[in-house]
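Biologist: Could you take a close look at one strand for me, and then follow the side-chain contacts elsewhere in the fold? I'd like one connected tour.

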Amino acid sequence: MLTETLTTTAAPAPANAPVTASKRRRSHRAAGGVVTVLVPAHNESAGITETLHSLNNQTHRPDRIIVVADNCTDDTEELALAQGAEVIRTVGNKDKKAGALNFALSQILPDADPEDLVLVQDADSQLALNFIENATKNLLADELLGAVGGVFSGGPGGGFVGHLQRNEYARYARDVKRLHGKCLVVTGTAALFRVKTLRDVVAARLEGTLPPGNGKGGVYDTSVLTEDNELSFALLTLGYRIKSPSNCTLVTEVMPTWRELWSQRLRWKRGAVENCVQYGWTKVTRPYWGRQFLSMIGVVVTLAYFGSLVFALFSGTGLILQPFWITVTGIFILERIVTVRFRGWRYMLLAATMYETVIDIFLQAVHAKAYLDAAFNRKKVW
């Protein structure tokens with residue numbers, strides 16, 4: 001067992017690391033030699049045992065599994081120890097997941113071999129049993145691949161709102177498969193890195209090539225709402241690629257209520273917007289800015305569409321069916337049906353009823369709120 005006390009400031013990793021992907025360290029060890037898993041956990045007693053069980057049964061078993069118990073008041077630590085994991089305990093950490101991970105990484109990176117691997121995984125997610133094996137193969141096959149992320153599906157529960165999220169995640173998995181693993185963000189639910197890649201990030205933050213993060217050489221930027229999105233930007237800026245292969249799958253929890261889904265998505269959306277502002281207009285961020293622009297257009301179109309319906313119904317004008325808009329609606333329905341085919345024909349039939357419009361409108365409202373909060377610099381809430 002390894003038990004440490006966390007200060008909120010992560011010790012900087014060695015500053016002699018290279019700062020670009022083209023400057024590689026040479027290793028005397030086999031690539032991917034030691035695999036260490038970090039599981040940041042804040043009161044995760046409900047799911048930590050299942051999460052560790054999936055790690056202990058991997059076809060490529062990790063050499064170390066470390067649960068970073070962050071301000072836990074439940075029995076997360078005891079459950080982790082019972083599963084054979086090491087535990088690092090945080091005390092007084094105010095930087096949440098990013099702060100906890102920075103501290104744990106500051107303990108690991110200085111003594112690790114550059115070719116060793118680090119998997120960062122959420123405590124509420126369970127990896128497919130061949131996740132590490134497949135992720136390692138993908139990483140070792142491409143020297144410029146900076147991180148391999150997972151393709152997630154939604155776990156059980158959550159009633160109707162949980163059902164809608166599972167459909168949403170199935171569509172995401174379909175998109176990633178069609179793009180052969182190309183992704184915009186290496187998800188924080190699970191991602192595998194080389195040690196030397198993380199050292200490159202630390203060195204670049206200290207040298208000013210990347211945003212300073214916590215200002216003390218932490219891998220993760222503790223000042224942002226979406227640390228995984230920011231780290232993806234950092235890797236791409238340093239010349240790395242990122243990927244979420246379709247054979248690296250995991251199951252993650254869904255938000256059980258509309259209120260919790262609102263909070264989660266507001267954080268994701270505002271974080272993504274502010275990450276774009278943080279990095280500015282660059283070759284890396286242009287596609288992300290483009291998506292933000294399209295999202296804003298979507299909000300405006302949605303408001304205009306439903307506003308016109310309300311006006312027609314309550315002004316006495318009545319609805320007038322136009323062939324053009326009937327065709328557009330038909331294409332939209334077809335898209336809903338085809339993109340959920342991973343879940344089977346029953347879900348495809350249901351999708352044709354357009355009952356998922358409720359979450360489309362909900363997410364548009366979240367987007368609008370996120371843009372307003374970012375524009376007026378309102379207080380950030382995790």
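**Strand β6 and beyond**

Modeller: Sure, let's start with strand β6, residues 145–149: 5 of the 5 residues are buried, so the strand is largely enclosed by the rest of the structure. Keep in mind that this is a predicted model.

Which strands pair with β6? One is strand β9 (residues 241–243), which runs parallel to β6 and is joined to it over 3 bridges. Within that pairing, Val148 has Lys243 of β9 as its bridge partner. Strand β8, residues 190–194, is antiparallel to β6, with 2 bridges between them. There, Gly149 sits opposite Ala191 of β8.

Now for the charged side chains. The structure has 16 salt bridges, and a few deserve a walk-through. Take Lys196 and Glu115, whose side chains meet at 3.0 Å, N to O. Lys196 belongs to helix α6 (residues 195–207), while Glu115 is in the loop between α3 (96–108) and β4 (117–121), so this pair ties together parts that are 81 residues apart in sequence. Both partners, Lys196 and Glu115, are buried.

Arg171 and Glu356 form another salt bridge, at 2.9 Å from N to O. This pair links distant parts of the chain, 185 residues apart: Arg171 is in helix α5 (residues 159–178), and Glu356 is in the loop between α11 (345–351) and α12 (357–375). Are these two buried or exposed? Arg171 has a relative accessibility of 9%, so it counts as buried. Glu356 counts as buried too, because its relative accessibility is 3%.

Helix α8, residues 258–279, has a salt bridge of its own. Arg270 and Glu274 both lie in this helix, 4 residues apart, which is about one turn. Their side chains meet at 2.7 Å, N to O, in a salt bridge. Arg270 has a relative accessible area of 3%, so it is buried. Glu274 comes out at 17% relative accessibility; the cut-off for buried is under 20%, so Glu274 counts as buried. Elsewhere, Lys97, Asp122 and Glu227 are joined into one network by salt bridges that share partners.

Stay with α8 for a moment, since Asn275 lies in this helix as well. Asn275 is buried, with a relative accessible area of 0%. What do the polar atoms of its side chain meet? The side chain of Asn275 makes a polar contact of 2.8 Å with the side chain of Thr226. A polar contact with the side chain of Asn229 is also listed at 2.8 Å. Leaving out residues up to four places away in sequence, Asn275 touches Val224, Thr226, Asn229, Glu230 and Phe233.

Last stop: the surface. Phe293, Leu294, Met296, Ile297 and Val301 make a nonpolar surface patch of about 490 Å². One of them, Leu294, is found in helix α9, residues 286–315. Where does Leu294 fall on the buried-to-exposed scale? Its relative accessible area is 59%, and exposed means over 50%, so Leu294 is exposed.

To pull the threads together: strand β6 is largely enclosed, Asn275 is buried in the model, and Leu294 is exposed within a nonpolar patch.

Methods. Residues are numbered from 1 along each chain as its sequence is written. This is a predicted model: local features need pLDDT of at least 70, side-chain atom pairs count only at pLDDT 80 or more; totals for chains, interfaces and linings use all residues. Side-chain values use heavy atoms; hydrogens and water are left out. Patches are made of residues with over 30% relative accessible area and no salt bridge: like charges are joined within 9 Å, nonpolar side chains (Val, Leu, Ile, Met, Phe, Trp, Tyr) within 5 Å. Accessible areas come from the Shrake-Rupley method with a 1.4 Å probe; for residues, only the protein chains shown count as cover. A salt bridge is a side-chain nitrogen of Lys or Arg within 4 Å of a carboxyl oxygen of Asp or Glu. Buried means under 20% relative accessible area, exposed over 50%, partly exposed in between (1.4 Å probe, protein chains only). Two strands pair if DSSP finds at least two bridges between them. A polar contact is a pair of N or O atoms within 3.5 Å; within protein, one must be able to donate a hydrogen and the other to accept it, and residues adjacent in sequence count only if both atoms are side-chain atoms. Contact means heavy atoms within 4.5 Å.
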